[in-house]
Amino acid sequence: MKRILLLLICFTALSFSHKNIEEYNFIGKWEGIDKGKTGCIIFEKDGTASIKIGDDILGGKDYYINGKKATITYVIDTTRKPINIDFIMHSEGYEVPGKLSFIAEIIDNNSFKIVSVKGNNSMLLTRIQE
C-alpha cells in the first residue's frame with residue numbers, strides 16, 4: 001500500500017512540474033552570472049531581444065553594428081525537448097543573419113538555465129521583471 005501511495009505522489013508531482021511547458025512565459029527581464037559577470041537577457045513581446053553581459057550590450061531599440069542598424073530576434077521552441085532558444089542577429093547590408101543557439105531547462109516559473117549549443121557556456125537566469 002505504501003508503494004502505491006508513493007508512486008501516486010511521485011506521478012502527481014511530476015505531472016504538475018512539467019505541465020504547460022509550452023505556455024512558459026519567457027517575456028521579461030532575466031538576470032544571471034556568466035564567467036563572474038552579471039548578465040541579463042530581455043525577451044520583448046514583439047520577438048526582439050537584448051543581451052547584456054558586463055558592459056557589453058547586444059540588441060535593443062538603438063543597436064548598431066559598424067554604423068548599420070541591427071536587431072536581435074528570438075525563436076523559442078517549447079515543443080522540443082530540451083527547449084531550443086535561438087537568437088538571430090539581423091543587420092542592414094547582410095543577407096544571412098547570424099544565429100546563436102541555446103537549450104533551456106525550466107527550473108520554475110521564475111528561473112531557467114540556458115546552455116550554449118556550441119560550447120560549455122551556461123547561465124542560470126532568474127526573472128527580475130515581467
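Which residues is Ser116 in contact with, leaving aside its neighbours within four places in sequence? I began my notebook with this question, and I kept in mind throughout that the model is a predicted one.

**Entry 1: Ser116**

I looked up the contacts of Ser116 and found Ser101, Phe102 and Asn121, once the neighbours within four places in sequence had been set aside. I then placed Ser116 in strand β9, which covers residues 111-116. Its relative accessible area is 15%, and because buried means under 20%, I wrote Ser116 down as buried. I also noted that a polar atom of the side chain of Ser116 lies 3.3 Å from the backbone nitrogen of Lys118.

**Entry 2: the largest pocket**

Rolling a probe the size of a water molecule over the atoms shows where empty space is left. For the largest pocket I recorded about 440 Å³ of space, with a lining of 21 residues. Nearest the centre of this pocket I found Asp34, Ile51, Ile53, Phe102 and Asn121, and I recognised Phe102 and Asn121 from the contacts of Ser116.

Which strand gives the largest share of the lining? I found that β8 does, with four residues. At least two lining residues each come from β2 (37-43), β3 (49-53), β4 (56-59), β8 (98-108), β9 and β10 (122-129). Sorting the lining by class, I wrote down 10 nonpolar, four polar and seven charged residues.

**Entry 3: the salt bridge**

Side chains of opposite charge can pair when their charged atoms come close. I found one salt bridge in the structure, formed by Lys99 and Asp86, whose closest N and O atoms are 3.9 Å apart. The pair links distant parts of the chain, since Lys99 sits in strand β8 and Asp86 in strand β7 (residues 83-91), with their positions 13 residues apart in the count.

Is each partner buried or exposed? Lys99 has 53% relative accessibility, and because exposed means over 50%, I counted Lys99 as exposed. Asp86 has 17%, which is under the 20% limit, and so I counted Asp86 as buried.

**Entry 4: Ile42**

My last residue was Ile42, which lies in strand β2, one of the strands that supply residues to the pocket lining. Its relative accessible area is 24%, which falls between the two limits, and I therefore noted Ile42 as partly exposed. Not counting residues up to four places away in sequence, I saw that Ile42 touches Gly28, Lys29, Thr48, Ala49 and Ser50. From Ile42 to Lys52 I noted 8.7 Å, C-alpha to C-alpha, for two residues that are 10 residues apart in sequence.

Technical notes:
Residues are numbered from 1 along each chain as its sequence is written. This is a predicted model: local features need pLDDT of at least 70, side-chain atom pairs count only at pLDDT 80 or more; totals for chains, interfaces and linings use all residues. Side-chain values use heavy atoms; hydrogens and water are left out. Buried means under 20% relative accessible area, exposed over 50%, partly exposed in between (1.4 Å probe, protein chains only). A polar contact is a pair of N or O atoms within 3.5 Å; within protein, one must be able to donate a hydrogen and the other to accept it, and residues adjacent in sequence count only if both atoms are side-chain atoms. Contact means heavy atoms within 4.5 Å. On a 1 Å grid over the protein atoms alone, a cavity is a set of points where a 1.4 Å probe fits but cannot get out, and a pocket is an open set with protein on both sides within 12 Å along at least five of seven lines; lining residues have an atom within 4 Å of a point. Grid points are joined across faces, edges and corners, and a volume is the space filled by probe spheres set on the points. Ala, Val, Leu, Ile, Met, Phe, Trp, Tyr, Cys and Pro count as nonpolar, Asp, Glu, Lys and Arg as charged, and the others, Gly among them, as polar. A salt bridge is a side-chain nitrogen of Lys or Arg within 4 Å of a carboxyl oxygen of Asp or Glu.
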